[in-house]
Amino acid sequence: MPTSESERVPGRQPARFAVVDPATGETFDEAPDQRPDELDAVVDRAHRAWHGWRADPVVRTTALRVAANAVEAAGDDLARLLTLEQGKPLAESHAEVARTAARLRYFADLAPRTRRITDGRPVHSEIRWRSLGPVAAIVPWNFPLQLAAAKFAPALVAGNTVVLKPSPFTPLATRLLGTVLATALPEDVLTVVTGREPLGARLASHPGIRHVTFTGSVPTGRAVAEAAAASLARVTLELGGNDAAVLLDDVAVDRIADRLFWAAFRNCGQVCMAVKRVYAPAQLHAEVVEALAQRAQTVAVGSGLNPETRLGPVNNAPQLARVEQVTKQALADGARAAAGGHRLDGPGYFFAPTILTDVPPGSPVVTKEQFGPVLPVLPYRSLDEAVDAANGTGFGLGGSVWGTDLDRAGAVADRLECGTAWINHHAELSLAQPFAGAKNSGVGVAGGPWGLYGNLRPFVVHRPQEA
Ligand code: NAD
């Protein structure tokens, strides 16, 4: 089945771009480099498919359940391709495929509630919900499949059609996912487009798109909001984070060290809501640094295809350069690497898992989003100082508080300016909860019923009770 306009034209060779395996740094495949002008036909078909798709919620629920089964059946192929282009360990790719199917299943069973409102007058208002039209879903390279599903599953069950654009660093697993979903969904209900910029910019500004749901960095999120303003499409933005973990003075370091380490280093630190800064009481700082450094020095780093590997490479060369640059800057600012601090020799985009201490609070590794396997651990003297520092960036995605007295930890968590605050863990989410960033970390709400309503508009019928 052709998935790009240029593939539909017999005899015409579509342009392609290279896809690199980050574990080797070598090109291992290619993907269609679709031109922005191809989007007109794609969006037009998505618009036509919308008329049938929005008609029957039972058909949609059934199709999404079938789609979830199809994703699971293709799990081995999807996971392998994901590891090849993204770098994560194969077990994590399998887990991502499982979460993709779980999102389809969760949203398949969600439906909006029709409500009747009476206010004492002899009329009532009935609130119904209507779909929006074609939705553009634009996703990054860190969790290509599950982040896509978090967008297309609620959009589809709501009755919209979807044009999905993965990152050019990870187009292949998403293309395969599109082919798998096509076995369960009517034609043109979900279309995957791949290509380099300005494909995403054109999609975000396309006049036929009624909702742009974007996950990515803050600067690109701003550009997407500006682009979507041209057609006044709805915008949902899930953007970057710089989550702080605040350790309290009653924390049992040996009990939480594993959890804290993986909250920062899972997916090689390339998680929007990873722990990106640790604040430890001054008297525990050395113990915390040592516990994290010991884990950083011994964790198995390598190709995601190797079953021993727990940490893969950084996904792409520009990101590796950013990680290296903020680390070098921190070291130049006076920081010390208790573990790592450098690229690993050999092929591939590997960076040694790094724990930084003595980091000046103004260094970019603290104030910006490093998005890689590098973690600064900062000492604090008073809790107010720690909370102020945790809240002291433009980000507001998540945060966590770690301690033995849960009530006290809960009271500190209440003071974090973010969308989700965890106690004694970090980044665990339920499909049923809202997901939204504070400050620059997001606009709109995804997850749970909020994600469904984010893809619907209210339609109100106001009528008298008698003719
Ligand atoms: P990015 O912003 O560079 O790219 C995201 C997507 O936007 C990609 O598909 C990219 O091709 C596309 N794009 C690039 N320029 C565009 C433009 N002008 N208009 C429209 N689309 C455009 O982000 P990235 O480097 O792929 O991902 C890392 C970032 O994503 C980090 O900041 C991370 O925190 C964030 N992220 C946030 C969440 C969340 O849920 N809040 C989840 C995962 C990642």
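The legends below accompany views of a predicted model, beginning with the whole protein and ending at Pro361.

**Figure 1. Overall fold of the predicted protein, with its 16 helices and 18 strands.** Taken along the principal axes, the C-alpha atoms fill a box of roughly 75 × 70 × 40 Å. The radius of gyration is 23 Å, which agrees with the value near 23 Å that a compact globule of 467 residues would have.

**Figure 2. Burial and contacts within the protein.** Of the 467 residues, 55% count as buried, and among the contacts with a separation of 6 or more, 72% join residues that lie 24 or more positions apart.

**Figure 3. Surface and charges of the protein.** The exposed area is about 19,300 Å², of which carbon and sulfur atoms supply 53%. The protein carries 46 positive and 48 negative charges, and the mean positions of these two sets are 7 Å apart.

**Figure 4. Close-up of the loop that holds Pro361.** This loop runs between strand E13, residues 354-357, and helix H13, residues 364-367. Pro361 counts as exposed because its relative accessibility is 61%, and the cut-off for that class is over 50%.

**Figure 5. Close-up of the surroundings of Pro361.** When residues up to four places away in sequence are not counted, Pro361 touches Val366, Thr367 and Leu378; of these, Val366 and Thr367 fall within the range of helix H13 (364-367). The view can also take in Ala330, which is 31 residues from Pro361 in sequence, with a C-alpha to C-alpha separation of 9.8 Å in space.

Note on methods
Residues are numbered from 1 along each chain as its sequence is written. This is a predicted model: local features need pLDDT of at least 70, side-chain atom pairs count only at pLDDT 80 or more; totals for chains, interfaces and linings use all residues. Side-chain values use heavy atoms; hydrogens and water are left out. Helices (H or I, at least four residues) and strands (E, at least two) are DSSP runs, numbered from the N terminus. The radius of gyration is taken over C-alpha atoms; the globule rule is 2.2 Å times the number of residues to the power 0.38. Buried means under 20% relative accessible area, exposed over 50%, partly exposed in between (1.4 Å probe, protein chains only). Contact means heavy atoms within 4.5 Å. Accessible areas come from the Shrake-Rupley method with a 1.4 Å probe; for residues, only the protein chains shown count as cover. Lys and Arg count as positive and Asp and Glu as negative; His and the chain ends are not counted. The place of a charge is taken as NZ of Lys, CZ of Arg, CG of Asp or CD of Glu.
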